[in-house]
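Colleague: I am new to this structure and would like a close look at one part of it. Please choose a single spot, describe its surroundings, and then place it within the rest of the protein.

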Amino acid sequence: MSHAAVAIGTIVFVIIVAAIIVCAYRRAEACAGGVASSYAVVSDQQIRHATIEKFLLEIRHDKPFRFTSLQLAGFTRNYTTRLGAGGFGTVYKGVLPNGLPVAVKVFDRSLAQRSQEEQFMAEVGTIGRTYHVNLVRLFGFCFDDVVRALVYEYMDNGALDAYLLGGQGRGVGVPALRDIAVGVARGIRYLHEECQQKIVHYDIKPGNVLLDGALTPKVADFGLARLVNRADTHVSVSCVRGTPGFAAPEMWMLSGVTEKCDVYSFGMLLLEIVGRRRNFDEAAPESQQWFPTLAWTKYETGELVDLVASSSGEEAGDAAAAPRDDEQEHEPRRDEEIVERMCKVAFWCVQQQPEARPPMGAVVKMLEGEMSVAAPVNPFQHLMATPVTANPWTTTMTGSADAVSATAISETSNEIVSL
Ligand SMILES: Nc1ncnc2c1ncn2[C@@H]1O[C@H](COP(=O)(O)OP(=O)(O)OP(=O)(O)O)[C@@H](O)[C@H]1O
Ligand SMILES: [Mg+2]
C-alpha cells in the first residue's frame, strides 16, 4: 500500500472519530439543557403588565415561565430574605414585578451537577404540569450557568411543622387540624390517582406541607418524585430517599417501592398533626418519646381523650389554657370522635405491609367521614411485643395464635382496600 493511501486512510479515520465526538457532545448538551431551552424567557415588562389574576390564569394554562438570574436577583432584592434551607438548597422570599410574592428555591452549587439536573428536570416537568388546590404551584424557573432555581407561589404561614409546633398553631382547633389533614390527603390522592401520570412523592413530611394565609395546606417539593406509568405497580429506587421517621420500611430495602410509601409517610404525618408534637421527642419521659406507640396504647385502652386535651395545647380540665375555636369549645365530644377517626386512619396508613395500607382515595373518604373506618390492626406489634421465652409446651399454642392474627390482618385490610 502506498504512503498516500495510508495518509488518506488516517485522515478519513480521524475525521470520522472527530465527527462522532462532536455528535456525542451536542447530544449531551441537548439533554442537559433540553428542558430549559424549550422555555422562552419572560420579561419583567410582560409580568408587570399582567394583573395577578391574568398571570395566575396564564400559568395555570401554560407551562412555567423561565427567568434569568438577573431577574431573580431583582425579585429577591439580591437574596436578602432567607426563608429556610433544605437538602437541595436555600429558599428566599421574592416579589414579581406585578406584586405577586414568591418563594425562590436556589439550588446549592456544591451539590453534584447530576443530582441538580435530575432534581431540576423532575420538578419542572412534574409540578409544571400539575394543578391542584392542595399542591404548591410552580410559577417558573431559572436555568443558566450561574443560577438554578425554582420560583414557587409564596405560602404565608410557611411549613406545617413550624406552624403547629410554634406558638402560632396553639389556637388551631381539632376540626381545623382535621381539615388540614384532609387537604394534604387530597393533594397526595391527586398525585397518585387523578393527574395524567401517577406521581409518587417519596418525601411526605410536615416540612414539605406548606400553609397559605387561610391555612389551606399544600404539598411541596416534588424533587424526589419519579414519574411512573400507571401500569407499573412497582418502581425500584436506586438510592435511599425520604426522611427517617417518615420513610416507609420498604424504602430502606431499595426495592419494590410503590405509592404506598407515601401512604405510610402520610400516616406518620397525621399522627404528628393529631399529637401536635414531633413523633419522636427526646425531651419527653421515656415512655412518651415515641408518639405513634403512645397513641396506639391510648387507643387500645380507650383513653384517646387524653390526646384531645394535649393536642388542644392544654392540660385536661384546664379549658382556659389556650385559645380555642367556637366549634371546638361547644362540642368536645365531637373533637374526641375526630381524633379517634384520625388516629384509626393513621394506624391503617402505617401498617408494615404496603398492601395492608389503604389507597389515598380511601384515606380521604375515611377522614372526611364518608367511609367507616374498620378497627385497625396494631401496626407496632413488632415494637411492642413482649419477648416470649422459648417453652416447648407453648410452641403449638403460639403458632396457632399467629395464624389467626395473620388471617385477621388480611381479611380486614381487604375490606378497607376494596371499599
Ligand atoms: N413556597 C414557599 N413559601 C413559603 N416558605 C417556603 C416555601 N417553600 C419553602 N419555604 C420555607 O423554606 C424552608 C426550606 O424549604 P426546603 O424545601 O428547602 O427544605 P425542607 O422542606 O426542610 O427539606 P427538603 O429539602 O427535604 O424539602 C421551609 O421549611 C419553609 O419554611
Ligand atoms: Mg421542602
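**A loop residue and its setting**

Modeller: In this predicted model, take Thr-76: setting aside neighbours within four places in sequence, Thr-76 touches Tyr-92, Lys-93, Gly-94 and Val-104. Contact here means heavy atoms within 4.5 Å. Thr-76 sits in the loop that runs between α4 (69–75) and β2 (82–85). Is Thr-76 buried or exposed? Its relative accessible area is 2%, and buried means under 20%, so Thr-76 counts as buried.

Distances along the chain and in space can be set side by side here. Thr-76 and Pro-101 are 25 residues apart in sequence, and their C-alpha atoms are 9.7 Å apart in space. A second pair is Phe-75 and Gly-99, which are 24 residues apart along the chain, with 9.7 Å between their C-alpha atoms. Gly-99 belongs to the loop between β3 (89–95) and β4 (101–107). With a relative accessibility of 42%, Gly-99 is partly exposed.

The loop of Thr-76 has another residue to look at. Asn-78 also lies between α4 and β2. Asn-78 is not a glycine, yet its phi is positive, near 60°. Its relative accessibility is 59%, and over 50% is exposed, so Asn-78 counts as exposed. Thr-76, by contrast, is buried.

For the wider setting, the protein has 15 helices and 10 strands. Of its 419 residues, 47% are buried, and Thr-76 is one of the buried ones. Of the contacts with a separation of 6 or more, 66% are between residues 24 or more positions apart.

Other loops can be read in a similar way. Leu-215 lies in the loop between β8 and β9. Leu-215 has a positive phi of about 65° although it is not a glycine. At 22% relative accessibility, Leu-215 is partly exposed.

Two loops contribute to a metal site. Which protein atoms are the donors of the magnesium ion (ligand 2)? They are OD1 of Asn-208 and OD of Asp-221, lying 1.8 to 2.1 Å from the ion. Asn-208 is in the loop between β7 (199–200) and β8 (209–211), and Asp-221 is in the loop between β9 (217–219) and β10 (226–227), so the pair ties together parts that are 13 residues apart in sequence. Asn-208 is buried, with a relative accessible area of 6%. Asp-221 is buried as well, at 17%.

Next come the helices, starting with α13 (residues 360–368). This helix is mostly covered, with 7 of its 9 residues buried. The buried residues are Met-360, Gly-361, Ala-362, Val-363, Val-364, Met-366 and Leu-367. Just after α13, Gly-369 has a positive phi of about 90°.

One partner of α13 is helix α8 (residues 260–275): the two pack at an angle of about 25°, and their axes are 11 Å apart. That angle makes α8 roughly parallel to α13. The crossing of these two helices is right-handed. On the α8 side, Val-263, Phe-266 and Leu-270 take part, and they meet Met-360, Val-363 and Leu-367 of α13. By class, this contact has 6 nonpolar residues, no polar and no charged ones. Met-360, Val-363 and Leu-367 also appear among the buried residues of α13. An α-helix has 3.6 residues a turn, so residues three or four places apart point the same way.

A second helix pair is α9 (residues 291–300) with α12 (residues 332–349). Their packing angle is about 120°, with axes 11 Å apart. The two helices are therefore oblique to each other. Their crossing is left-handed. Pro-292, Ala-295, Trp-296 and Tyr-299 on α9 meet Glu-340, Lys-344 and Phe-347 on α12. This contact is made up of 5 nonpolar, no polar and 2 charged residues.

To return to the starting point: Thr-76 is a loop residue that is buried, and its contacts beyond the sequence neighbours include Tyr-92 and Val-104.

Terms used
Residues are numbered from 1 along each chain as its sequence is written. Chains are lettered from A and ligands numbered from 1 in the order in which they are written. This is a predicted model: local features need pLDDT of at least 70, side-chain atom pairs count only at pLDDT 80 or more; totals for chains, interfaces and linings use all residues. Side-chain values use heavy atoms; hydrogens and water are left out. Axes are lines fitted to C-alpha atoms, for helices over the stretch in contact, and angles run from 0 to 180 degrees between N-to-C directions. Helices (H or I, at least four residues) and strands (E, at least two) are DSSP runs, numbered from the N terminus. Angles under 35 degrees count as roughly parallel, over 145 as roughly antiparallel, 65 to 115 as roughly perpendicular and the rest as oblique. A crossing is left-handed if the near helix is turned anticlockwise from the far one by less than a right angle, and right-handed if clockwise. Ala, Val, Leu, Ile, Met, Phe, Trp, Tyr, Cys and Pro count as nonpolar, Asp, Glu, Lys and Arg as charged, and the others, Gly among them, as polar. Donors are N, O and S atoms within 2.8 Å of the metal (3.2 Å for Na, K and Ca); water is not among the atoms, so sites may look incomplete. Buried means under 20% relative accessible area, exposed over 50%, partly exposed in between (1.4 Å probe, protein chains only).
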